[in-house]
Each structure stands twice: as structure tokens, then as C-alpha cells.
Amino acid sequence: MVAALAVSLLVLLSGCSDATVDELKRLGLPESASDRGPYIHDLWIGAWIAAFIVGGFTWGLIGWASLRYRRRHSDDIPVQVRYNAPIEMLYTVAPVIAVAVLFYFTVQTQNDVLEDVENPDHKVVVTAQQWSWTFNYLGEDGAGGEDVYDRGTSAVEPDLWLVEDETVNFTLHSPDVLHSFFVPNFNFKMDVLPGRDQSFSLTPTKAGTYVGRCAELCGYQHSRMLFNVYVVSQEEFDAHMQDLLDADQTGILRGGSESETVDGLEESQSDPETDDDSEASNQDGQPDSGGES
Ligand SMILES: [Cu+2]
């Protein structure tokens, strides 16, 4: 049985590309491009192994019980029993142990993933706002020590540039609602909370282009909160910082008044103090401040 399964699995896998086989080996986890990835990988694989053990044990018991105690004659009635203290204790204690083990490894992984770095090579303040991202690079040499930024709109995806094998500290800031900073290939995401900046560090370990997105439903254009991540060499990074400086994109954007407006929609012009007069001004033939033109 096991041999047959192994053979059919081999036949199935032989039709797959190396990339697909690797993805299957990671049980679907995106390929890691950060130093925090391996911790998540181990937790992910460990959780699946635990699930298969518990699942196998449970399926085994179900199969065994249904074969061992199957009805042999049409007029058979099973032995009628009530209460079984050992069994009841087992199915109370076993799940508690399973949850405790998962909890222990989850906390340990969380501590590893969130471990701070004393002197990060780069500092980026991420502003997540409805509905795009701003990436502020603090005091980069490539920008002559100035703070520079790159921002997107819901129509234009912004780019986040990082240096391969150099530590980055991110501070996540939201001026409006909950967002979540998520780069699948970093095997990492963290909520962006209004009113409480959060911070984490990581080191991108693999040059390349990755996708980033908002992983918290934050409003009707949530699905447009996409960004690109470029992990590049120091030279390319410095050149990009220079480009941002040349484009006069200096300072730190933390959102705020910009977060109240959306491209294509006029700012609300109704003023509570003049609202009472609006009817009167309409009668006077004055254009309604809120009307279409
Ligand atoms: Cu969002």
C-alpha cells in the first residue's frame, strides 16, 4: 500500500518542474527571500507534520473501529455502554497537549521573527494609507544623508528598494485605518495600526523582484494596495536614492491630510456652519457648493 502510494507519487512528481517540486516540498510556502523565512518554514512544516500525525491517528482509529466493530448480522445490536472515564480523559487531555505544543513553537518562532537588530543598515518608514503606500528612506548615503521617499497612488504601484544582505528596520505607520504590510516571499506580514506605530527588522537574502500587498481589508480599493519590492546591490540602491533626491522627493510623508482625499474625487466642500444657508442660496440661484458641475 505504502509502496504503491510512493510509486504513484513519484510518477506524479516526475511530470513536474523542479520549481513545482520545490514548492511541494515547502508545502506551498512561498520561497523565502529573507533571513526570517527559515523560522516560518520550520513552524509551517512542523505544524503540518503534527497535523498529519494527529490526522493519521484519528483516521486509523475510525478505520479500526468501523472494521473491528462492523455489523456482522442484520439483527446485531452493539453492546450498549454509557460513560468511559479513560476515553473521556484522553479526548480532553490530548487536544490540550496539542494546543500547548503548537503554542510553544508559535511563541518561539514569533520571538525569532520579531527579534530586533541593534544597528540596522537601513531605516524605512512605511506609510500605509487608503489606498497605497509611501516608503520613506531615512538618511541614506545614496541621497546625501537626506530623507527621501517614493509614494504610490491607487493607480500607480510604488516600489520598495532594499539592499541584498543588509539589515532593514521598518516602522509601520497608518494615518487612517488598519492595513497590513505583506511580502509573501519574506514569509512575513505585520499589521499597520492607526495610532500605534510598529517596527520590525529583517535582511533580504536574495536579489530579485517580489510582490507586496496589503493583507488587511481596509476599504473599497484595498485590492489596489499593491507594491513592488526590488532587492538589489548597494550600487543600484544608491543610484535609486539619488534619483529620488533628484526628483525632489525629500522629507518624510506620514499621510494625514492626503489620506482624506482620493484621486478624482473633490474634497468635501460642505461646511457645517454654512449648511443652514445652503437652501437659501439655492433659491437665490447660487450654485450649490456640493453640486456637480
Ligand atoms: Cu490597506
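Of the 293 residues of this protein, 21% count as buried. The model is a predicted one, and its secondary structure comes to 6 helices and 10 strands. Among contacts between residues at least 6 apart in sequence, 70% join residues at least 24 apart. Below is a tour of the sheet, the helices and a few backbone details that you may like to find on screen.

**The five-stranded sheet**

- An open sheet is built from 5 strands in the order β3-β2-β1-β5-β8, and its pairing is mixed. The strands at the edges are β3 (148-151) and β8, each with a single partner strand, so one side of each is left without a neighbour in the sheet. From one strand to the next, the twist averages 20°.
- As general background, strands of a sheet pair through backbone hydrogen bonds, either parallel or antiparallel.
- Starting from the β3 edge, β3 pairs with strand β2 (residues 132-137) in the antiparallel sense over 4 bridges. To find this pairing, look for Tyr137, whose bridge partner in β3 is Val148.
- On to the next pair: β2 and β1 run antiparallel and are joined by 6 bridges. Here Val124 stands opposite Tyr137 of β2, so Tyr137 is a handy landmark for both pairings of β2.
- Strand β1 (residues 122-129) runs parallel to strand β5 (residues 168-173), with 6 bridges between them. Val125 has Thr171 of β5 as its bridge partner.
- At the other edge, β5 pairs with strand β8 (residues 198-202) in the antiparallel sense over 5 bridges. Thr171 appears again here, standing opposite Ser199 in β8.

**A closer look at β2**

- Strand β2 is mostly covered, with 6 of its 6 residues buried.
- In a regular strand the side chains alternate between the two faces of the sheet.
- In β2, Ser132, Thr134 and Asn136 point one way, while Trp133, Phe135 and Tyr137 point the other way, and all are buried.
- Helix α5 (residues 234-246) lies across β2 and β3, and it runs at about 85° to β3.

**Hairpins and their turns**

- A hairpin joins β1 to β2 through 2 residues. The loop between these strands holds Trp131, and the peptide bond from Gln130 to Trp131 is cis, with omega near 0°.
- Strand β6 (residues 179-183) and strand β7 (residues 188-192) run antiparallel, joined by 5 bridges. Within this pair, Phe182 has Lys189 of β7 as its bridge partner.
- The hairpin formed by β6 and β7 has 4 residues between the strands. Asn187 sits in the loop between them and has a positive phi of about 50° although it is not a glycine.
- Is Asn187 buried or exposed? It counts as buried, because 23 C-beta neighbours lie inside 10 Å and the cut-off for buried is 20 or more.

**Other positive phi values**

- Asp165 lies in the loop between β4 (159-163) and β5. Its phi is near 60°, a positive value in a residue other than glycine.
- Asp165 is partly exposed, with 15 other C-beta atoms within 10 Å. That class covers residues that fall between exposed, at 12 or fewer, and buried, at 20 or more.
- Leu27, which follows helix α2, has a positive phi too, near 50°.

**Helices in the open**

- Helix α4 (residues 85-113) has 29 residues, which at 1.5 Å a residue should span 42 Å; its end C-alpha atoms are 42 Å apart, in agreement with that expectation.
- How many of the 29 residues of α4 are buried? The number is 1, so α4 lies largely in the open.
- Helix α2 (residues 18-25) has 8 residues and the number buried is 0, so this helix also lies largely in the open.

Definitions and conventions
Residues numbered from 1 in each chain as written. Predicted model: local features only at pLDDT ≥ 70, side-chain atom pairs only at ≥ 80, totals over all residues. Pairing = 2+ DSSP bridges. Expected span 1.5 Å × (residues − 1). Contact = placed C-beta atoms within 7 Å. Axes fitted to C-alpha atoms, helices over the stretch in contact; angles between N-to-C directions.
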